[in-house]
Amino acid sequence: MNIPLNIDFLQILLHMLNFVILAGGLTFLLFKPVSNFFETRKNYFADMENKNREASEENERLRLEYEQRIRDAEEEIQQRKKAAEKELTEASAQYLREAKDKAASIILAAEQEAEIRKEHILDSAQTEIGELVVTATQKLLSDTVTPQRNIELYDEFIRLAEDTVSGERSKHDKE
(Lines give C-alpha, C1' and ligand atoms only; values in the text may rest on other atoms or scores of the structure.)
Protein backbone atom coordinates (compact mmCIF):
# COMPACT_ATOMS: atom_id res chain seq x y z
CA MET A 1 0.00 0.00 0.00
CA ASN A 2 1.43 2.98 -1.20
CA ILE A 3 -0.33 6.06 -0.21
CA PRO A 4 0.80 9.45 -1.11
CA LEU A 5 2.78 11.43 1.46
CA ASN A 6 3.88 8.18 3.03
CA ILE A 7 0.86 7.93 5.20
CA ASP A 8 0.39 4.46 6.57
CA PHE A 9 -3.10 3.94 7.90
CA LEU A 10 -2.07 0.92 9.86
CA GLN A 11 0.50 2.97 11.69
CA ILE A 12 -2.14 5.58 12.37
CA LEU A 13 -4.54 2.95 13.69
CA LEU A 14 -1.83 1.50 15.91
CA HIS A 15 -1.01 4.93 17.24
CA MET A 16 -4.68 5.56 17.89
CA LEU A 17 -5.00 2.21 19.63
CA ASN A 18 -1.94 3.02 21.72
CA PHE A 19 -3.42 6.37 22.54
CA VAL A 20 -6.76 4.83 23.60
CA ILE A 21 -4.91 2.25 25.73
CA LEU A 22 -2.72 4.98 27.19
CA ALA A 23 -5.74 7.24 27.89
CA GLY A 24 -7.72 4.35 29.37
CA GLY A 25 -4.79 3.19 31.48
CA LEU A 26 -4.03 6.67 32.68
CA THR A 27 -7.69 7.23 33.41
CA PHE A 28 -7.88 3.98 35.31
CA LEU A 29 -4.54 4.47 37.06
CA LEU A 30 -4.42 8.23 37.61
CA PHE A 31 -7.91 9.72 37.31
CA LYS A 32 -9.45 7.89 40.25
CA PRO A 33 -6.60 8.59 42.68
CA VAL A 34 -6.39 12.19 41.57
CA SER A 35 -10.16 12.66 41.79
CA ASN A 36 -10.13 10.92 45.18
CA PHE A 37 -7.31 13.22 46.27
CA PHE A 38 -9.28 16.27 45.12
CA GLU A 39 -12.45 14.96 46.79
CA THR A 40 -10.51 14.38 50.01
CA ARG A 41 -9.06 17.91 49.85
CA LYS A 42 -12.50 19.31 49.11
CA ASN A 43 -13.97 17.47 52.12
CA TYR A 44 -11.01 18.55 54.29
CA PHE A 45 -11.55 22.23 53.43
CA ALA A 46 -15.32 21.87 53.85
CA ASP A 47 -14.71 20.39 57.32
CA MET A 48 -12.28 23.19 58.12
CA GLU A 49 -14.87 25.74 56.99
CA ASN A 50 -17.53 24.08 59.17
CA LYS A 51 -15.16 24.01 62.14
CA ASN A 52 -14.30 27.68 61.57
CA ARG A 53 -18.00 28.56 61.33
CA GLU A 54 -18.73 26.60 64.52
CA ALA A 55 -15.77 28.22 66.26
CA SER A 56 -16.97 31.62 65.07
CA GLU A 57 -20.48 30.90 66.38
CA GLU A 58 -19.00 29.66 69.67
CA ASN A 59 -16.83 32.78 69.89
CA GLU A 60 -19.86 34.99 69.26
CA ARG A 61 -21.85 33.10 71.89
CA LEU A 62 -18.97 33.47 74.38
CA ARG A 63 -18.61 37.16 73.53
CA LEU A 64 -22.32 37.72 74.20
CA GLU A 65 -22.07 35.71 77.40
CA TYR A 66 -19.06 37.72 78.58
CA GLU A 67 -20.77 40.98 77.70
CA GLN A 68 -23.76 39.87 79.76
CA ARG A 69 -21.46 38.94 82.62
CA ILE A 70 -19.80 42.35 82.39
CA ARG A 71 -23.21 44.06 82.48
CA ASP A 72 -24.20 41.91 85.46
CA ALA A 73 -20.92 42.71 87.21
CA GLU A 74 -21.38 46.43 86.57
CA GLU A 75 -24.92 46.23 87.91
CA GLU A 76 -23.68 44.39 90.99
CA ILE A 77 -20.96 47.00 91.45
CA GLN A 78 -23.60 49.74 91.29
CA GLN A 79 -25.76 47.90 93.82
CA ARG A 80 -22.83 47.41 96.18
CA LYS A 81 -21.85 51.04 95.72
CA LYS A 82 -25.38 52.16 96.62
CA ALA A 83 -25.39 49.80 99.60
CA ALA A 84 -22.04 51.18 100.76
CA GLU A 85 -23.28 54.75 100.37
CA LYS A 86 -26.42 53.89 102.32
CA GLU A 87 -24.34 52.22 105.01
CA LEU A 88 -22.05 55.25 105.16
CA THR A 89 -25.05 57.57 105.44
CA GLU A 90 -26.51 55.47 108.24
CA ALA A 91 -23.15 55.35 110.03
CA SER A 92 -22.73 59.12 109.76
CA ALA A 93 -26.31 59.66 110.97
CA GLN A 94 -25.62 57.33 113.91
CA TYR A 95 -22.40 59.20 114.67
CA LEU A 96 -24.26 62.52 114.60
CA ARG A 97 -26.99 61.13 116.89
CA GLU A 98 -24.35 59.89 119.33
CA ALA A 99 -22.56 63.24 119.21
CA LYS A 100 -25.84 65.10 119.83
CA ASP A 101 -26.70 62.76 122.71
CA LYS A 102 -23.26 63.25 124.22
CA ALA A 103 -23.52 67.03 123.80
CA ALA A 104 -26.97 66.98 125.43
CA SER A 105 -25.64 64.96 128.37
CA ILE A 106 -22.69 67.36 128.75
CA ILE A 107 -25.04 70.35 128.67
CA LEU A 108 -27.36 68.67 131.21
CA ALA A 109 -24.41 67.93 133.50
CA ALA A 110 -23.21 71.54 133.17
CA GLU A 111 -26.71 72.86 133.98
CA GLN A 112 -26.92 70.60 137.03
CA GLU A 113 -23.50 71.71 138.18
CA ALA A 114 -24.47 75.36 137.64
CA GLU A 115 -27.66 74.81 139.65
CA ILE A 116 -25.66 73.22 142.47
CA ARG A 117 -23.18 76.12 142.45
CA LYS A 118 -26.05 78.62 142.42
CA GLU A 119 -27.64 76.95 145.44
CA HIS A 120 -24.27 76.88 147.19
CA ILE A 121 -23.71 80.57 146.45
CA LEU A 122 -27.22 81.43 147.71
CA ASP A 123 -26.64 79.41 150.88
CA SER A 124 -23.32 81.17 151.40
CA ALA A 125 -24.91 84.57 150.75
CA GLN A 126 -27.74 83.85 153.20
CA THR A 127 -25.26 82.72 155.83
CA GLU A 128 -23.16 85.85 155.32
CA ILE A 129 -26.26 88.05 155.41
CA GLY A 130 -27.34 86.39 158.62
CA GLU A 131 -23.90 86.96 160.16
CA LEU A 132 -23.93 90.60 159.04
CA VAL A 133 -27.39 91.09 160.52
CA VAL A 134 -26.33 89.56 163.80
CA THR A 135 -23.20 91.75 163.86
CA ALA A 136 -25.18 94.88 162.94
CA THR A 137 -27.82 94.07 165.53
CA GLN A 138 -25.25 93.59 168.20
CA LYS A 139 -23.66 96.92 167.34
CA LEU A 140 -26.94 98.74 167.33
CA LEU A 141 -28.10 97.16 170.53
CA SER A 142 -24.94 98.00 172.20
CA ASP A 143 -25.09 101.69 171.10
CA THR A 144 -28.67 102.57 171.81
CA VAL A 145 -31.33 100.44 173.29
CA THR A 146 -34.57 102.37 173.24
CA PRO A 147 -37.98 100.91 172.35
CA GLN A 148 -38.47 103.43 169.57
CA ARG A 149 -35.06 102.65 168.15
CA ASN A 150 -35.79 98.89 168.32
CA ILE A 151 -38.95 99.33 166.25
CA GLU A 152 -37.10 101.43 163.66
CA LEU A 153 -34.33 98.83 163.45
CA TYR A 154 -36.80 95.96 163.01
CA ASP A 155 -38.62 97.89 160.27
CA GLU A 156 -35.35 98.69 158.52
CA PHE A 157 -34.27 95.03 158.76
CA ILE A 158 -37.55 93.78 157.30
CA ARG A 159 -37.38 96.35 154.48
CA LEU A 160 -33.78 95.33 153.67
CA ALA A 161 -34.65 91.63 153.79
CA GLU A 162 -37.62 92.14 151.46
CA ASP A 163 -35.43 94.14 149.04
CA THR A 164 -32.75 91.45 149.13
CA VAL A 165 -35.24 88.62 148.58
CA SER A 166 -37.04 90.45 145.75
CA GLY A 167 -33.64 91.28 144.13
CA GLU A 168 -32.60 87.64 144.27
CA ARG A 169 -35.94 86.59 142.81
CA SER A 170 -35.53 88.98 139.89
CA LYS A 171 -31.98 87.65 139.31
CA HIS A 172 -33.26 84.08 139.50
CA ASP A 173 -36.09 84.85 137.06
CA LYS A 174 -33.63 86.41 134.60
CA GLU A 175 -31.47 83.32 134.65
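Me: A salt bridge here is a side-chain nitrogen of Lys or Arg within 4 Å of a carboxyl oxygen of Asp or Glu. How many does the structure hold?

Reply: The structure holds nine salt bridges. This is a predicted model, in which local features need pLDDT of at least 70 and side-chain atom pairs count only at pLDDT 80 or more, while totals for chains, interfaces and linings use all residues. Residues are numbered from 1 along each chain as its sequence is written, and side-chain values use heavy atoms, leaving out hydrogens and water.

Me: Which residue does Glu-67 form a salt bridge with?

Reply: Its partner is Arg-63, with the closest N and O atoms 2.5 Å apart. The two residues are four apart in helix 1, so about one helical turn separates them. Helices (H or I, at least four residues) are DSSP runs numbered from the N terminus.

Me: Are Glu-67 and Arg-63 buried or exposed?

Reply: Neither term applies: Glu-67 is partly exposed at 31% relative accessibility, and Arg-63 is partly exposed at 36%. Buried means under 20% relative accessible area and exposed over 50%, with partly exposed in between (1.4 Å probe, protein chains only).

Me: What about Glu-113 and Arg-117?

Reply: Their side chains meet in a salt bridge at 2.8 Å, N to O. Glu-113 is partly exposed, at 41%, whereas Arg-117 is exposed, at 54%.

Me: Where do Glu-156 and Arg-159 lie?

Reply: Both belong to helix 2 (residues 147-174), three residues apart, or about one turn of the helix. They form a salt bridge whose closest N and O atoms are 2.3 Å apart.

Me: Which residues are linked in a network of salt bridges?

Reply: Such a network links Glu-58, Arg-61, Glu-65 and Arg-69.

Me: Changing topic, how many aromatic pairs does a search of the whole structure find?

Reply: The search finds two. Tyr-44 and Phe-45 form an edge-to-face pair, 5.4 Å centre to centre with 70° between the planes. Rings of Phe, Tyr and Trp (its six-membered ring) pair if their centres lie within 6.5 Å; planes under 30 degrees apart count as stacked, over 60 as edge-to-face and the rest as tilted.

Me: Which residues form the nonpolar patch on the surface?

Reply: Leu-22, Leu-26, Phe-28, Leu-29, Leu-30, Val-34, Phe-37 and Phe-38 form it, with about 850 Å² of accessible area together (Shrake-Rupley method, 1.4 Å probe; for residues, only the protein chains shown count as cover). Patches are made of residues with over 30% relative accessible area and no salt bridge, with nonpolar side chains (Val, Leu, Ile, Met, Phe, Trp, Tyr) joined within 5 Å and like charges within 9 Å. Phe-37 is found in helix 1 (residues 9-143).
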